[in-house]
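Visitor: I am new to this structure. Please take me through a single part of it, slowly enough to follow.

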Amino acid sequence: MGGLLTEVGKKLAEKWVSLLVLPGTLYLAVATAAVALGHTHPFDLSRVADRITAWANHSAATRGAGQVVLLVAVLSGAAVAGLAAQALGSLLERLWLAADWPAWPRPARRLAARRTARRRRAWIAAARTWHRHRDGDIRSLARRNPADPAARQAAERAMTRIAFEEPMRPTWSGDRLNAAAVRMERDQGLDLATVWPHLWLALPEGPRSEVTAARQALTRATTLAAWALLYLPLTVRWWPAALVACILALIARARMRAAADAYALLLEAATRLHARDLAGHLGLDTTTPLTLEAADTLTRYLAPTPPPPPEGSDG
């Protein structure tokens, strides 16, 4: 047990350092540069060195106790900055995925509704173009005269740049996750929101690890976007911080789209591959492939029943 606790402590310390202290320390370093340089000398590194030297030569910093206090203060400040980034990242993830946007406050809900409608109109136009090219290629193939697929592939890329399925959310990443649920409902008759928590408990270790890694990548991407927002206040003192914030925001956006795509793909793949195994765990018939009827039975079996009417209700 002692060895286990030691190993757990090491892993927790590694995560604390990698997730909180290191990015937080970098943030404190940039903040120090912002205070030392200002707008008038944005790239004069000698000013930073002089300021740090002056702080290091301070009488309190030359004593052992003062150095310990300074180290604890730096580590604590870095950890606080890291915690703030993670908290802000959780909020950004909720906004980015926008699963509950109809319940947002009215101004934000109206903006989300307008953006969703605009994305839906653009997707419908792109989907019609893709279907037209697809139907034409099918007819050409039936006539034994295959057409060049370049136009169809370009139309498909234009459609998926907007969304993989008809947009129901104001963001691409949110619609990418929603597309997995839409496809499972259409292709196999499974309600992914109902089935997934139960399926997750029955998944083998390999698929669980892959899905967990994809989910963590999603969280890291939103945390990186949170760091971009935290760098913005430093622009009041040092304008190059705006460049740092913009670079981090662009990287976060690209990583968010990639992570959302990978996570949605793994959710869909794991459900298609292991839904029959889940039915077997529940004692349902698995002698045949999971039909639409069997999938509907599985969904109804796992869905909780609604609460009964209150006593004395006249309904």
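Guide: Buried here means under 20% relative accessible area. Keep that cut-off in hand, and keep in mind that this is a predicted model. The part to look at is helix H5, residues 106-142. H5 has 37 residues. From first C-alpha to last, H5 reaches 52 Å, close to the 54 Å expected at 1.5 Å a residue.

Now look at what H5 hides. Its buried residues start with Ala112, Thr116, Arg119 and Trp123. Ala126, Ala127 and Trp130 belong to the list too. Gly136, Asp137 and Ser140 complete the buried set. An α-helix has 3.6 residues a turn, so residues three or four places apart point the same way.

What covers these buried residues? The cover includes helix H6 (150-162) and helix H7 (172-188). Just after H5 comes Arg144, with a positive phi of about 60°.

Follow the cover outward to H7. Trp172 lies at the start of the range 172-188. Trp172 is buried, with a relative accessible area of 11%. Phe164 and Trp172 form an edge-to-face aromatic pair, 6.0 Å centre to centre, with 65° between the planes. Phe164 counts as partly exposed, at 24% relative accessibility. The charged end of Arg176 sits over the ring of Phe164, 4.3 Å from its centre.

One more step leads to the largest nonpolar core, which has 27 residues. H7 supplies at least two residues of this core. H10 gives the most, with 10 residues.

Conventions
Residues are numbered from 1 along each chain as its sequence is written. This is a predicted model: local features need pLDDT of at least 70, side-chain atom pairs count only at pLDDT 80 or more; totals for chains, interfaces and linings use all residues. Side-chain values use heavy atoms; hydrogens and water are left out. Helices (H or I, at least four residues) and strands (E, at least two) are DSSP runs, numbered from the N terminus. The expected span of a helix is 1.5 Å times one less than its number of residues. Buried means under 20% relative accessible area, exposed over 50%, partly exposed in between (1.4 Å probe, protein chains only). Contact means heavy atoms within 4.5 Å. A nonpolar core is a set of buried Ala, Val, Leu, Ile, Met, Phe, Trp, Tyr and Cys residues joined through side-chain atoms within 4.5 Å. Rings of Phe, Tyr and Trp (its six-membered ring) pair if their centres lie within 6.5 Å; planes under 30 degrees apart count as stacked, over 60 as edge-to-face and the rest as tilted. A charge sits over a ring if NZ of Lys or CZ of Arg is within 6 Å of the ring centre and within 35 degrees of the ring normal.
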